[in-house]
Amino acid sequence: MIGTASGRRIGITGLGVHVPERVLTNHELATIVDTSDEWIVERTGIRERRIAADDEALTDIALPAARAALEDAGLAASEVDLLICATVTPDMMFPTSSALLADTLGMPRVAAYDLLAGCTGFVYAIAQAYAMLASGLSQRALVVGGDVLSKILDWDDRSTLVLFGDGAGAVVMEPVERGGFLGFELGADGGGGEHLWFPGSGSRRFDDPGALLKMNGREVFRFATRVLVSSGHALLEECGKTIEDVDVYVPHQANKRIIDHAARKLGVPDGRTVVNVDRFGNTSSGSIPLALADARAEGRIHEGSLVLMTGMGAGLTWGSALVEWVDSSAVAGR
Ligand code: UT7
């Protein structure tokens, strides 16, 4: 699916993130499985990641991120009428994490649902929120992206254990008078689904009763390097932009080698790619908002910045969004 903005102009007006306190370094991982800091840094660029406590679930880390995004937007939770939570690690299948978050935040008139699109979940969710807002069905949306993949990892499997971390982010989206989203490109290929899967997590029975994440790293690597480039290219062309127009490139933070490859193939000018995979690993749906927050904190994203985000992950899925960043003075009717 590909399309450019139409209907009301919609922007991101608030951003918040949260990660668990516990830092797990590569050196510590090397005491758990047969790996080394050297191997992990060379093959992935990851140095450390955050890991949720035993009693910490998705909504525990998503709630502070959601509150921070609302505060950043200068909104009370009750002023928001749509909450989408992108995750593959909800507290439980139901009640949904979005409904639980809405209840805790105090959102009596909200439509709330979880969205499952692997690590691309956040990009899918902002596209959905965009469509609801641009059409006038919703007035203000809170989009949460977060995962606690540490809970579904096989802690004996070095090929997946070293890659992932826990974290969450949230954005507020609402009508704006300038800037905002230019377009989206989203895709899915269930034929490649077997390369990154979580058997036993749903209604299909498997002989192996252990419900843990499984991945064919090489295949996912090949897929990732292909779709990050094709999706970014396609969306820029659809929106009548070139890579030189992009001020900040925010790819899914899965592996520094994948990011470098995509940035090189796309021709992203030096210094415009956001990389924080070294500190957080792959946080799945939390990855893009965490990278946006770091870029903004560093002063790299500000009013007028053109931001290209591209996610990819289980499904297999991928998705890009192009947005012109605005500050709070752009909010319509406030
Ligand atoms: O959101 C999407 C999520 N997933 C991804 O983005 C993953 C994409 N894939 C990757 O990032 C890379 O494929 C990995 C980082 C997972 C693996 O890197 P690679 O360069 O593709 O390594 P490989 O799978 O080809 O394995 C090379 C060697 C193997 O040993 P042999 O067979 O050559 O003796 C592995 O057993 O590295 C070994 N290996 C490790 N060694 C030390 C695999 N994992 C580890 C490890 N520490 N943690």
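The following exercises, each with a worked solution, concern the predicted model shown above.

Residues are numbered from 1 along each chain as its sequence is written, and side-chain values use heavy atoms, with hydrogens and water left out. Because the model is predicted, local features need pLDDT of at least 70 and side-chain atom pairs count only at pLDDT 80 or more, while totals for chains, interfaces and linings use all residues.

**Exercise 1. Salt bridges**

Determine how many salt bridges the whole structure holds, and describe the setting of the one formed by glutamate 174.

Solution.
1. The criterion is a side-chain nitrogen of Lys or Arg within 4 Å of a carboxyl oxygen of Asp or Glu. A search of the whole structure on this basis finds ten salt bridges.
2. Glutamate 174 is paired with arginine 140, and their closest N and O atoms are 2.9 Å apart.
3. Elements are DSSP runs numbered from the N terminus: helices (H or I) of at least four residues and strands (E) of at least two. Glutamate 174 belongs to strand 8 (residues 166-175), whereas arginine 140 sits in the loop between helix 5 (121-134) and strand 7 (141-148); the pair, 34 residues apart, links distant parts of the chain.
4. Relative accessible area (1.4 Å probe, protein chains only) defines buried as under 20%, exposed as over 50% and partly exposed as in between. Both glutamate 174 and arginine 140 are buried.

**Exercise 2. A network of charged residues**

State which residues are linked with Arg178 in a network of salt bridges, and examine the pair of aspartate 327 and arginine 178.

Solution.
1. The network links Arg178, Glu303 and Asp327.
2. Within the pair, the side chains of aspartate 327 and arginine 178 meet at 3.3 Å, N to O.
3. Aspartate 327 lies in the segment after strand 14 (317-324) and arginine 178 in the loop between strand 8 and strand 9 (180-188), so this salt bridge ties together parts 149 residues apart in sequence.
4. Aspartate 327 is partly exposed, its relative accessible area being 35%; arginine 178 is likewise partly exposed, at 31%.

**Exercise 3. Nonpolar cores**

Identify the residues with the most contacts inside the largest nonpolar core, and the element that gives the largest share of this core.

Solution.
1. A nonpolar core is a set of buried Ala, Val, Leu, Ile, Met, Phe, Trp, Tyr and Cys residues joined through side-chain atoms within 4.5 Å. The largest has 43 residues, and Leu213, Tyr249, Leu308, Met312 and Leu322 have the most contacts inside it.
2. Two or more residues each come from helix 7 (217-238), helix 8 (256-266), strand 13 (306-313) and strand 14. Helix 7 gives the largest share, eight residues.
3. A second, separate core has 39 residues, including Ile10, Ala86, Leu133 and Met309.

**Exercise 4. Two helices and the glycines that follow**

Compare the end-to-end reach of helix 3 with its expected span, establish how far helix 5 is enclosed, and name the glycine following helix 3 and that following helix 5.

Solution.
1. The expected span is 1.5 Å times one less than the number of residues. Helix 3, with 16 residues, reaches 22 Å from first to last C-alpha, close to the expected 22 Å.
2. Its buried residues include Leu58, Ile61 and Leu70. Among the elements covering the buried residues of helix 3 are strand 2 (10-18) and helix 4 (97-105).
3. Eleven of the 14 residues of helix 5 are buried, so this helix is largely enclosed by the rest of the structure.
4. Glycine 74 follows helix 3 with a positive phi, near 70°, and is exposed at 53% relative accessibility. Glycine 136 follows helix 5, with a positive phi near 90°.

Technical notes: Contact = heavy atoms within 4.5 Å.
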